[in-house]
There are 2 protein chains.
Amino acid sequence: MDKRQKKRLAILDALSRSGQVLSSTRITELLIGQGMDISERSVRIYLGELDKEGFTESHGRRGRLITEKGKHEADASRVLEGIGLLSGKIDAMTYRMDFDPALRRGTVVVNVSVIPLDAFTTERLELIEMVFAEGYSMGTMLSLFSPGETCGSFTVPEGHVGVGTVCSITLNGVLLRRGVPTSSRFGGLIELRDGAPSRFVDIIHYDGTSIDPLVVFIRSGMADYIGAVTTGNGRIGASFREFPADSVETVRSISKQLEAIGLGSLLCLGNRGQSLYGVAVGPQRVGAIIIGGLNPMSIFEETGLRIRSGAMSGLVDFNNLFHNTELKDRLAALR
Amino acid sequence: MDKRQKKRLAILDALSRSGQVLSSTRITELLIGQGMDISERSVRIYLGELDKEGFTESHGRRGRLITEKGKHEADASRVLEGIGLLSGKIDAMTYRMDFDPALRRGTVVVNVSVIPLDAFTTERLELIEMVFAEGYSMGTMLSLFSPGETCGSFTVPEGHVGVGTVCSITLNGVLLRRGVPTSSRFGGLIELRDGAPSRFVDIIHYDGTSIDPLVVFIRSGMADYIGAVTTGNGRIGASFREFPADSVETVRSISKQLEAIGLGSLLCLGNRGQSLYGVAVGPQRVGAIIIGGLNPMSIFEETGLRIRSGAMSGLVDFNNLFHNTELKDRLAALR
């Protein structure tokens with residue numbers, strides 16, 4: 001939505017919420033109060049347009065009243081607010097988390113998958129462990145949510161558990177606190193040949209989608225972790241990000257620090273201005289491929305169980321994470 | 001990819017394909033021969049940069065040779081060419097088809113789904129007919145491909161059939177031939193309440209994805225046509241497009257003409273500059289919601305059968321389409 005359209009909708013929204021005749025002075029006050037940068041002169045010009053289009057009607061000096069058509073427009077625009085694009089969610093969660101790798105303290109971002117307790121067969125648990133062991137996951141840690149527990153918008157039903165996989169956005173958050181801005185470009189599916197990444201086979205840009213690309217690839221059955229861990233030929237979910245070229249040493253050292261505490265996610269880091277797996281990178285930037293956090297949960301879909309997953313579902317304290325090899329015992333304790 | 005990056009890669013590509021030392025004059029000739037607008041002076045400047053970055057090496061007056069690093073860069077960039085975004089594919093297919101609704105002649109764009117012959121149970125066939133009857137499909141027509149037949153990149157295996165559903169891009173193509181340009185913005189999932197569309201619940205922009213949004217929604221199990229046709233509450237795939245506001249009457253009349261011959265797809269058409277289901281539309285445009293062509297095939301996924309579908313897979317002659325109610329008999333003939 002462009003700025004102009006945003007301001008017009010904000011005016012309609014103010015009139016719709018008040019339900020009364022409002023003067024342009026009052027509307028300007030309300031919008032400035034919401035943090036919008038707008039002059040009374042602009043408000044008057046927009047109101048003139050909205051009158052002509054039948055969204056508002058003039059009540060002389062007293063001001064404007066919203067019409068039925070205008071109310072419909074304002075409602076409709078609020079509906080769209082509900083569909084956030086992933087790029088917005090990434091920034092929001094990056095801002096909210098506060099993990100400090102030096103102190104090993106604070107919250108990390110997790111994806112939550114809700115899975116029936118009896119779906120954790122020995123075969124699936126072994127495959128999940130292999131995904132972690134091969135490094136096709138964000139680090140080596142997990143968290144669990146018991147029935148009745150809540151994480152983000154998920155509440156775990158009876159007979160189920162919530163598996164929290166550390167989301168790779170956690171890297172963005174740690175880097176942000178060290179002054180490094182991350183540009184998260186797209187989620188993609190990388191083809192592995194003999195255990196080595198060869199190319200992106202499909203991509204979805206974060207600023208063009210309301211659902212997480214990795215959730216999509218996994219749920220669509222397009223990912224292939226079983227192939228990846230058993231034969232070295234498969235398709236795994238990853239994210240393409242860019243950092244300022246000057247920050248490359250900071251990115252590298254923080255990635256190493258995170259890896260040492262079980263939160264490694266950097267598959268590869270390019271050179272200044274150099275294309276990475278065929279993706280062109282700007283001259284002042286370096287590209288990076290980051291492993292997707294949700295990846296190990298693909299094993300359920302690949303073995304025929306449809307699961308419900310949410311990317312960037314919520315925050316978990318670092319101290320509540322455990323090593324993935326403990327998953328079996330922790331599940332047994334819940335049964 | 002920006003223009004600068006494109007030109008740099010074109011230079012590397014020319015050097016890589018020749019495998020020899022090339023002068024800047026020769027490189028300029030080759031690039032102009034490919035339709036690129038570039039001067040010899042620019043080629044020299046880019047070559048200077050590429051030398052410094054180690055992608056090319058100077059052989060004095062004779063010219064430049066590509067290095068191993070440069071070859072790698074050129075190869076990598078060709079890999080990405082393989083991942084086209086949907087917006088490019090939409091334009092390509094719009095250009096290729098040539099259906100003329102007045103003469104009822106020419107080709108239409110189809111999506112192809114490959115389905116085992118024995119998967120067409122009476123229950124599924126009835127549900128598919130209901131999707132067409134309720135108008136949650138692009139028109140009422142279908143085509144079939146027998147085992148061994150090819151459509152686009154699909155070849156139908158033994159024991160299977162290819163079902164060709166008319167792709168809603170066909171509307172773009174017919175409009176283009178009447179001088180109306182279509183801007184295809186995103187594919188989305190629309191929530192139906194009591195049979196009426198209420199809002200978009202998820203969207204993926206065509207210029208940010210390499211896979212068709214509707215294929216994704218259907219394969220991920222996010223669509224709900226069974227709900228849509230049995231209770232009026234469900235989620236159906238649709239596409240958001242924009243037309244020039246001045247063309248609205250042409251769009252309306254062509255849509256009616258297409259509907260009369262079984263190719264209707266227009267769910268709703270907005271007014272000039274008016275938001276549609278919360279999606280803001282520019283002042284000189286009208287928005288439109290177009291029903292997705294692949295929709296009826298969602299019934300297979302919703303009843304537990306994973307199918308392989310390709311959006312905009314190929315072209316089919318209009319005269320090879322038949323009414324969806326004939327599907328049962330046509331399948332029986334193939335068994």
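Chain B superposes on chain A by a rotation of 180 degrees with 0.1 Å of shift along its axis (RMSD 0.2 Å); the fit is by least squares on C-alpha atoms of residues with pLDDT of at least 70 in both copies. The two copies are thus related as by a two-fold rotation axis. In chain B, the C-alpha nearest that axis belongs to B:Ser220, at 2.3 Å.

The model is predicted: local features need pLDDT of at least 70, side-chain atom pairs need 80 or more, and totals for chains, interfaces and linings use all residues. Residues are numbered from 1 along each chain as its sequence is written, chains are lettered from A in the order written, and side-chain values use heavy atoms, without hydrogens and water.

**Interface**
- Of the interface residues of chain B, 97% are also interface residues in chain A, so the copies meet through the same surface.

**B:Asp202**
- B:Asp202 sits in strand S9 (residues 196–205) of chain B; strands are DSSP runs of E, at least two residues, numbered from the N terminus.
- B:Asp202 is buried (under 20% relative accessible area, 1.4 Å probe, protein chains only).
- B:Asp202 has no salt bridge (Lys or Arg side-chain nitrogen within 4 Å of an Asp or Glu carboxyl oxygen).
- The nearest side chain of opposite charge, B:Arg235, is 7.3 Å away.
- The side chains of B:Asp202 and A:Ser210 share a polar contact of 2.5 Å (N or O atoms within 3.5 Å, one able to donate a hydrogen, the other to accept it).
- Beyond four places in sequence, the contacts of B:Asp202 include A:Ile83, A:Ile211, B:Phe217 and B:Met222 (heavy atoms within 4.5 Å).

Methods: Helices (H or I, at least four residues) and strands (E, at least two) are DSSP runs, numbered from the N terminus. Buried means under 20% relative accessible area, exposed over 50%, partly exposed in between (1.4 Å probe, protein chains only). Lys and Arg count as positive and Asp and Glu as negative; His and the chain ends are not counted.
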